[in-house]
Amino acid sequence: MFAMSLVIPQLLQLPARTGYGLGKSMLAAGLVMAPSGLVMMATAPISAAVSKARGPKVTLMTGALIVAAGYGLNIVLMSEVWHFVLVSCVIGAGIGFTYGSMPALIMGAVPASETAAANSLNTLMRSIGTSSASAVAGVILAQLTTDFGGYALPSENGFKAVLAVGAGAALLAFAVASFIPRQRPAGGAVPVAEGPAESAEVTAKS
């Protein structure tokens, strides 16, 4: 998720004279990113429907593939404003799928008494993930630079490298999600086999 937030606004605001920046204002960059949030909300009902029909595991894997496709698309489409609008919407759709599936997966994987702690751990890990993503992207952009009027700016290849890492992370999430075990039926107690005495008692009562 964070690669999009770190790459797209910079590419939109870098001077057009760099050859890959679009020279837009901060307001324009924000407006370009805004539709992704609307797409996340729009995909929430679809995510819920897929989870109901196929399970949240499938929803998570689908969302990861959509995010990977969005980053891959951004590597080849980064020269027009509408390119970034399209890419942010695709990635936003994938994020909507994945974020919608995570609570369902967590709630179904732990006892009812542990749901609060499990969801809190998920929030903590998400914060660690965003912090790590910022650090990794910062290192890549700081190492792959180009000179622009005596100033070192992140190069086009640096941005593409961050996008490639984002796509790779999404594909890794897809692979990890494929190992999530099938969840137990909600509230289903394990039946206990009846012995001869219990069977006879049930027959007598009936």
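**Exercise 1. Find the polar partner of the Ser-101 side chain, then describe the surroundings of Ser-101.**

Solution.
- Start with the polar atoms: the side chain of Ser-101 places one of its polar atoms 2.8 Å from the backbone oxygen of Thr-98.
- Next, locate the residue: Ser-101 sits in helix H4. Helices (H or I, at least four residues) and strands (E, at least two) are DSSP runs, numbered from the N terminus.
- Check exposure: Ser-101 is buried because its relative accessibility is 0%. Buried means under 20% relative accessible area, exposed over 50%, partly exposed in between (1.4 Å probe, protein chains only).
- List the contacts (heavy atoms within 4.5 Å). Neighbours within four places in sequence aside, Ser-101 is in contact with Ser-47, Pro-56, Thr-59 and Leu-60.

The model is predicted: local features need pLDDT of at least 70, side-chain atom pairs count only at pLDDT 80 or more, and totals for chains, interfaces and linings use all residues. Residues are numbered from 1 along each chain as its sequence is written, and side-chain values use heavy atoms, with hydrogens and water left out.

**Exercise 2. Compare the span of helix H3 with its expected value, then place Ala-68.**

Solution.
- Take the expected span as 1.5 Å times one less than the number of residues.
- Apply this to H3: its 21 residues should span 30 Å, and the end C-alpha atoms lie 31 Å apart, so the two agree.
- Pick out the buried residues of H3, among them Pro-56, Thr-59, Leu-60, Ala-68 and Tyr-71.
- Identify the cover: it includes H1, H2, H4 and H6.
- Turn to Ala-68, a residue of helix H3. Its relative accessibility is 9%, so Ala-68 counts as buried.
- Leave out neighbours within four places in sequence: Ala-68 is in contact with Ala-167, Ala-170 and Leu-171.
- Measure across the chain: 26 residues separate Ala-68 from Gly-94, yet their C-alpha atoms are 8.4 Å apart.

**Exercise 3. Describe helix H6 and the salt bridge on it.**

Solution.
- Set the limits: H6 covers residues 156-177, 22 residues in total. From first C-alpha to last, H6 reaches 32 Å, close to the 32 Å expected.
- Find the buried positions of H6, including Gly-158, Phe-159, Ala-167 and Ala-170.
- Name what covers them: the list includes helix H1 (2-13), helix H3 (56-76), helix H5 (115-143) and strand E2 (151-154).
- Count salt bridges (a side-chain nitrogen of Lys or Arg within 4 Å of a carboxyl oxygen of Asp or Glu). The structure holds one.
- Assign the partners: Lys-160 and Glu-156 meet through their side chains at 3.7 Å, N to O.
- Relate them to the helix: Lys-160 and Glu-156 are four residues apart in H6, so about one helical turn separates them.
- Check exposure: Lys-160 is partly exposed because its relative accessibility is 26%. Glu-156 is partly exposed because its value is 29%.

**Exercise 4. Which residues touch the most other members of the largest nonpolar core?**

Solution.
- Define the set: buried Ala, Val, Leu, Ile, Met, Phe, Trp, Tyr and Cys residues joined through side-chain atoms within 4.5 Å.
- Read off the answer: among 29 residues, these are Tyr-71, Phe-84 and Phe-159.
- List the elements giving two or more residues: H1, helix H2 (26-54), H3, helix H4 (81-109), H5 and H6. H1 gives the most, six residues.
- Expand Phe-159: beyond four places in sequence, its contacts include Val-7, Leu-11, Tyr-20 and Leu-141.

**Exercise 5. Where should coordinates be read with care?**

Solution.
- Use pLDDT, the predictor's confidence in each residue, from 0 to 100. The chain mean is 86, and 88% of residues reach 70 or more.
- Locate the weak stretch: pLDDT stays under 50 over residues 185-206. The model has two contacts for that stretch beyond four places in sequence.
- Apply the rule: where pLDDT is low, predicted coordinates should not be read in detail.

Methods
A polar contact is a pair of N or O atoms within 3.5 Å; within protein, one must be able to donate a hydrogen and the other to accept it, and residues adjacent in sequence count only if both atoms are side-chain atoms.
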